[in-house]
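Student: Could we go through this structure together, starting with the ligand and then turning to the backbone?

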Amino acid sequence: MNDTALEVVDLVKRYDTRTALDGLSFDVGRGTVCALLGPNGAGKTSTVEIAEGFRTADGGSVTVLGHRPQDPAVRPRVGVMPQSGGGYPGLKAAELLDLFAAFHAHPLDPSDLIERLGLGEVAGTPFRRLSGGQQQRLSLAMAVVGRPELVFLDEPTAGLDPQARRATWELIEALRHDGVTVLLTTHLMDEAEQLADDVVVIDHGRLVARGTVAALTHSDGEIRFRAAPGLALEIAGATVTETEGRYLVRGLAGPALLAAVTGWCATHGVMPQDLQTQRSLEDVFLDLTGRDLRS
Ligand SMILES: Nc1ncnc2c1ncn2[C@@H]1O[C@H](COP(=O)(O)OP(=O)(O)OP(=O)(O)O)[C@@H](O)[C@H]1O
Ligand SMILES: [Mg+2]
């Protein structure tokens, strides 16, 4: 069996004069969770919807479980949670999930899913009367109830409260445990750090980085912390830079550098805040995609 669940090669998508995807390539291994990251308008939803067979590409190719996205053979093997919408407005939550379960040969137990996602009290409420976060949780349940081999989740936790976010994370962990492949998009870097085996960062429809979270955030010989601005921090053999109280010390990797930094702080009565020996995924993301707002 091929160990690639999703393969995207030189994908191009244009909307009128705007090029949303500009030769994007990446793949997702079977049984892994891949987080597709990128600023607003980077092309995440376009990519996901082409892979789901909902939009057509203008160039390149996508292979889903060995098939073209529109291939009817692949539809029952794939679960989809769109960025918005998804339900039939008049149907009740439980009816909707039962209906989706009935489309599949070996569905998960819908009432168990309803409980796991905390929807028990609104099971009898029509979809259109559910709150935004409840609709979102139900649409996650609809995406996974058919026991898909591959699930596309487009910002599954956007707008969810912290409890619902945890429940969603647990569900995604359980999918991974069952060998399901997950492609998820998110703007929450901690979500990607928590869930993803691999991270793919795109911008302007192009790949800018990919790798494990550990590989992307690895930063040998760098220590960062916050403290009052303007400290005359000097560490032998290291360079120190400061922007508005955010200090970056670069030197020989290892605990000796850490000891030198904290030693200096102790001598000078400075308590370093947020001391990090690794870059955060958010730092990496901002370095890769810039700090300017997107339209
Ligand atoms: N149906 C459409 N018609 C015209 N332009 C579109 C359409 N869908 C997307 N675009 C444009 O294509 C680009 C990529 O959009 P896409 O929705 O794929 O981005 P995204 O990465 O999902 O963004 P977000 O993080 O805001 O969800 C954007 O510039 C957007 O304006
Ligand atoms: Mg999107």
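Student: Which elements each supply at least two residues of the shell around ligand 1?
Tutor: They are β2 (18-29) and α1 (44-51), where helices (H or I, at least four residues) and strands (E, at least two) are DSSP runs numbered from the N terminus. This is a predicted model, in which local features need pLDDT of at least 70 and side-chain atom pairs count only at pLDDT 80 or more, while totals for chains, interfaces and linings use all residues. Residues are numbered from 1 along each chain as its sequence is written, and chains are lettered from A and ligands numbered from 1 in the order in which they are written.

Student: Where does the largest share of that shell come from?
Tutor: It comes from α1, with 3 residues. The residues around ligand 1, each with its C-beta atom, placed from the backbone, within 6 Å of the ligand, include Lys 44, Thr 45, Ser 46 and Gln 83.

Student: OK, new topic: is Leu 65 buried or exposed?
Tutor: Leu 65 counts as buried because 21 other C-beta atoms lie within 10 Å, the classes being buried at 20 or more, exposed at 12 or fewer and partly exposed in between, with C-beta atoms placed from the backbone. Leu 65 sits in the loop between β4 (59-64) and β5 (78-81), and has a positive phi of about 50 degrees although it is not a glycine.

Student: And what about Asp 16, buried or exposed?
Tutor: Asp 16 is exposed, because 5 other C-beta atoms lie within 10 Å. Asp 16, also not a glycine, has a positive phi of about 50 degrees, and belongs to the loop between β1 (4-15) and β2.
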